[in-house]
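I set out to record, entry by entry, what I looked up in this structure. The chain and its ligands are shown below.

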Amino acid sequence: MLDISPSNARVLLKVMNWDHDRLFLEYSDDPVGISKKAGIDINATQMVSGRKGKGECLICLEDSEEITTLTCGHGYCPVCWKKYLEIQIKEKSTNITCPGLNCGKIIDLFIVSQLCGDKDLIDRFNETLIESYVDDNPFVKWCPAPNCKYAIVLSDFKKEHNESVTCLCNHFFCFRCSEIAHEPSFCKQYSSWKIKNSGGDEALNEKFISTISKKCPYCKKPIEKTGGCNHMHCANCGFHFCWQCMGKFGIGPMGDNSGYSNHVCNAYAKEDSKQLSDTEDWERFRWYAERYNNHQKSKELEAKLLDRVVRVRTNLQEQHCVSWTGSQFFLDGIYQLLAARTILMGSYVFGYFRPIDCPHIHKELFEHRQRQLEQHTELLSNCLEIEDTTQIHLKKSEFLNKTRLVENSYKSLIDVANNAFVETNK
Ligand SMILES: [Zn+2]
Ligand SMILES: [Zn+2]
Ligand SMILES: [Zn+2]
Ligand SMILES: [Zn+2]
Ligand SMILES: [Zn+2]
Ligand SMILES: [Zn+2]
Ligand SMILES: [Zn+2]
């Protein structure tokens with residue numbers, strides 16, 4: 001792109017905050033000025049090794065046959081160079097400058113590796129450079145999962161959007177704040193939420209316990225939740241109800257399956273008043289927190305489905321001659337389900353912090369799509385709980401269909417929030 005050595009380009013890019021376009025424009029305009037500002041000498045870019053010859057070392061003041069002189073005119077003996085570079089590399093310096101008094105000349109990377117002559121040190125230096133590349137570059141992030149060594153490069157990072165990414169290790173996290181993915185809520189909202197949701201409030205703890213164990217609303221027998229799906233069927237009386245709101249599905253006394261598509265419970269009932277008292281706000285928060293915690297619990301339970309993957313796929317291969325890639329849909333389904341739970345969690349954070357009087361956030365649209373996502377998610381969850389391999393084999397297109405519906409509906413939910421993000425951050 002530009003006629004400069006790679007190591008100089010790196011220094012320049014760093015000065016420009018890794019903005020390639022800006023570097024290109026400014027460098028084309030005034031190459032000498034930009035380079036001076038960055039502490040590099042563009043005329044010397046071709047002279048990679050510096051000048052070697054007889055002279056006096058400016059550090060130890062001894063005469064030597066092998067003084068290496070930089071283009072700034074400062075030269076040192078091999079012993080002093082080595083000592084100096086060793087200290088710089090150990091201090092993890094990425095832009096090593098000439099040791100001359102008040103001389104800010106940056107030493108070219110090639111010269112550094114030639115002068116220091118120690119393989120371990122050079123390796124260490126390169127490691128530091130890679131680390132700093134990731135740390136300084138807004139388009140590159142380390143995966144925050146413990147023990148994961150991957151870095152993620154995001155080619156089109158939209159400054160005005162949320163960005164959640166999935167690492168090769170499958171960790172799903174926020175590219176901005178490195179917390180677990182919290183879309184559609186924004187980083188600030190999520191960090192406030194975390195503080196609020198971790199408080200030692202008695203009532204909240206009680207509510208959290210209730211994400212695992214509740215009483216059947218019809219026969220009052222205790223029910224423990226073992227799967228992620230929030231469609232509940234009481235084993236004792238057959239009552240069919242929603243774990244989130246404990247409301248019954250359908251129209252019959254037992255509630256039947258067909259009623260689910262009409263079931264709406266994701267909007268907080270008392271939302272209208274703009275000025276909430278502390279108690280009212282706390283009530284409201286607890287309502288959102290319960291929905292959030294329920295989805296979190298479902299996600300934990302559904303993550304256990306991953307334990308089944310190898311067995312299911314092996315069975316599909318052995319009993320139904322499905323190729324390994326042909327059974328990928330089962331794994332994809334689980335990952336999309338887990339992503340959907342994460343996004344549903346984030347959607348209640350967003351819902352709680354959504355400014356009530358902001359005209360850019362279409363509450364009804366958001367809640368409509370949130371409800372659609374909840375519906376598709378529960379249906380997919382239900383589907384993935386099937387254990388019988390023959391059933392899974394027969395229902396492959398249903399799996400694929402439900403997975404796609406989940407993916408589409410969380411994308412369109414995120415869209416609503418991203419529009420609000422653009423509007424509220426103008
Ligand atoms: Zn010396
Ligand atoms: Zn110098
Ligand atoms: Zn990772
Ligand atoms: Zn974030
Ligand atoms: Zn019951
Ligand atoms: Zn059901
Ligand atoms: Zn409900």
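The entries that follow cover two metal sites and one helix, all read from a predicted model.

**Entry 1: zinc ion (ligand 5)**

I first asked which residues coordinate the zinc ion (ligand 5). I found the SG atoms of Cys216, Cys219, Cys234 and Cys237, at 2.3 Å. Along the sequence, I read the spacing of these donor residues as C-x2-C-x14-C-x2-C.

I then checked the geometry. The four donor atoms subtend angles of 108 to 111 degrees around the zinc ion (ligand 5), and the arrangement is therefore tetrahedral. The criterion I applied is that all angles lie between 85 and 135 degrees.

Next I asked whether Cys216 is buried or exposed. Cys216 has a relative accessible area of 0%, so I entered Cys216 as buried. For Cys219 the value is 26%, and I noted this residue as partly exposed.

**Entry 2: zinc ion (ligand 7)**

I turned to the zinc ion (ligand 7) and listed its protein donors as Cys242 (SG), Cys245 (SG), His263 (NE2) and Cys265 (SG). These donors lie 2.1 to 2.4 Å from the ion. The angles among the four donor atoms run from 97 to 119 degrees, and I recorded the site as tetrahedral.

The donors of the zinc ion (ligand 7) are spaced C-x2-C-x17-H-x1-C along the chain. I noted that Cys245 and His263 are 18 residues apart and link distant parts of the chain. Both residues sit in the loop between strand 11 (240-242) and helix 9 (278-303).

I also looked up accessibility for this pair. His263 has 14% relative accessibility and counts as buried, because the limit for that class is under 20%. Cys245, with a relative accessible area of 35%, is partly exposed.

**Entry 3: helix 10**

I checked the length of helix 10 (residues 309-320) against expectation. Its 12 residues, at 1.5 Å a residue, should span 16 Å, and the end C-alpha atoms are 16 Å apart, which agrees.

Which residues of helix 10 are buried? I listed Val309, Val312, Arg313, Asn315 and Leu316. Viewed down the axis of helix 10, these buried residues fall within an arc of 160 degrees, so they line one face of the helix. An α-helix has 3.6 residues a turn, so residues three or four places apart point the same way.

I noted that the buried residues of helix 10 pack against helix 11 (328-353) and helix 13 (389-394). On the other side of helix 10, Val310 and Glu318 are exposed. Last, I recorded that Cys321, just after helix 10, takes a positive phi of about 55 degrees.

Key: Residues numbered from 1 in each chain as written. Chains lettered and ligands numbered in written order. Predicted model: local features only at pLDDT ≥ 70, side-chain atom pairs only at ≥ 80, totals over all residues. Heavy atoms only, no water. Donors = N, O, S within 2.8 Å, 3.2 Å for Na, K, Ca; no water. Tetrahedral: all angles 85-135°; square planar, octahedral: opposite > 155°, others 65-115°. Buried < 20%, exposed > 50% of the residue type's maximum accessible area, 1.4 Å probe, protein only. Helix = DSSP H or I, 4+ residues; strand = E, 2+ residues; numbered from the N terminus. Expected span 1.5 Å × (residues − 1). Arc of directions from axis to C-beta. Contact = heavy atoms within 4.5 Å.
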